[in-house]
Amino acid sequence: MAHPLTLPLLSGARRALAKAITLVESTRPEHEAQAQALLSEVLPRAGRSVRIGLTGVPGVGKSTFIEALGVRLADAGHRVAVLAVDPSSARTGGSIMGDKTRMPRLTVHPNAFIRPSPSGGTLGGVARRTRESITLCEAAGFDVILVETVGVGQSETQVAAMTDLFVLLTLPNAGDELQGIKRGIMELADVCVVNKADVSPQAAVRAQTELRTALTLLTPHDAPWRPVALRASALTGEGLDAVWSTVEAYRAAVDLREKRQRQAAQWFDELLREAAWRAFQAGLDPARLHALRGEVLRGERTAVQGVAALLADDPTRPG
């Protein structure tokens, strides 16, 4: 028997999509089973979008940029879904959920869907079910998926591993900005955009030049895609067409099917490691674990010896 959300979701109903994402985000065991059943039913209709990750330092204007680009694409007939991962509260687990108020035009556009999701405290601030949310959006017929990260940090690695291309937004004073951006983030970027270029056009040109130099130094010579540095203004619309043209050029140059297969394999391995660790923990003797940890802390064993003893379940101490 088909899940009650399957047909309305496949017909593109945004309300059904919102309910489906709520289902996959739930941590209740009975909802987990329902979510996986729903995903199995809609999976054949997924995979037909371009998945774009976006990040940038605080104040770079991520939400404004996403709205400007999203409205442009939605007006052109694309169906645009925005998955914005919000930082969860350390105390309550709640999230700010401010993206809908920051994207008022895109929120009401008939060809758009915006879903702010709490990070739930997972590594890097990426929502636990963002991957499943992407699948649901694609099954609902959205052909452009924009995943906005919390900010420059570990979440970028997670988002880059689930999207087709990764966009880094910077400000015109890129000399200072580049110092604050980790090399790892720069290496992830497929496209760098100097946003707010209208504020200081000359500074934006300098920033673009500096970014091009940095990207050239960081990109292997045999890479199938050479990262591009662009200028844009979400306020005036300058450069947004060039950004989308670059996205289309990337899709033509990179084998996205092969890339997604590699991402799926990495995700499978990551989930397998987590499941294996949980299973291992479930079979541990808590007293034995506590004793071994204490021996390591007191310097009676090295950490390597403690883990080895735990794996071998050897109660004798070395020496």
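In this predicted model, Asp-313 takes a positive phi of about 55 degrees just after helix 15. This report describes that helix, then helix 4, and finally the cysteines.

**Helix 15**

Helix 15 covers residues 303–312, and its buried residues are Gly-306, Ala-309 and Leu-310. Viewed down the axis of helix 15, these buried residues lie within an arc of 100 degrees, so they line one face of the helix. Val-304, Leu-311 and Ala-312, on the other side of helix 15, are exposed. The cover over the buried residues of helix 15 includes helix 13 (256–282) and helix 14 (286–297).

**Helix 4**

Helix 4 comprises 14 residues (residues 62–75), which at 1.5 Å a residue should span 20 Å; the C-alpha atoms at its ends are 20 Å apart, in agreement with that expectation. Of the 14 residues of helix 4, 11 are buried, so the helix is largely enclosed by the rest of the structure. Among these buried residues are Lys-62 and Glu-67, as well as Phe-65, Ile-66, Leu-69, Val-71 and Leu-73. Ser-63, Ala-68, Gly-70 and Ala-74 are also buried.

A positive phi is found just after helix 4 as well, at Gly-77. The table sets out the two residues with this feature.

| Residue | Position | Phi |
|---|---|---|
| Gly-77 | just after helix 4 | about 105 degrees |
| Asp-313 | just after helix 15 | about 55 degrees |

**Cysteines**

How many disulfides does a search of the whole structure find? The search finds 0. Cys-137 is buried, with a relative accessible area of 0%. Cys-192 is likewise buried, and its relative accessible area is 0%.

Key:
Residues are numbered from 1 along each chain as its sequence is written. This is a predicted model: local features need pLDDT of at least 70, side-chain atom pairs count only at pLDDT 80 or more; totals for chains, interfaces and linings use all residues. Side-chain values use heavy atoms; hydrogens and water are left out. Helices (H or I, at least four residues) and strands (E, at least two) are DSSP runs, numbered from the N terminus. The expected span of a helix is 1.5 Å times one less than its number of residues. Buried means under 20% relative accessible area, exposed over 50%, partly exposed in between (1.4 Å probe, protein chains only). A disulfide is a pair of cysteine sulfur atoms within 2.5 Å. The arc is that of the directions from the helix axis to the C-beta atoms. Contact means heavy atoms within 4.5 Å.
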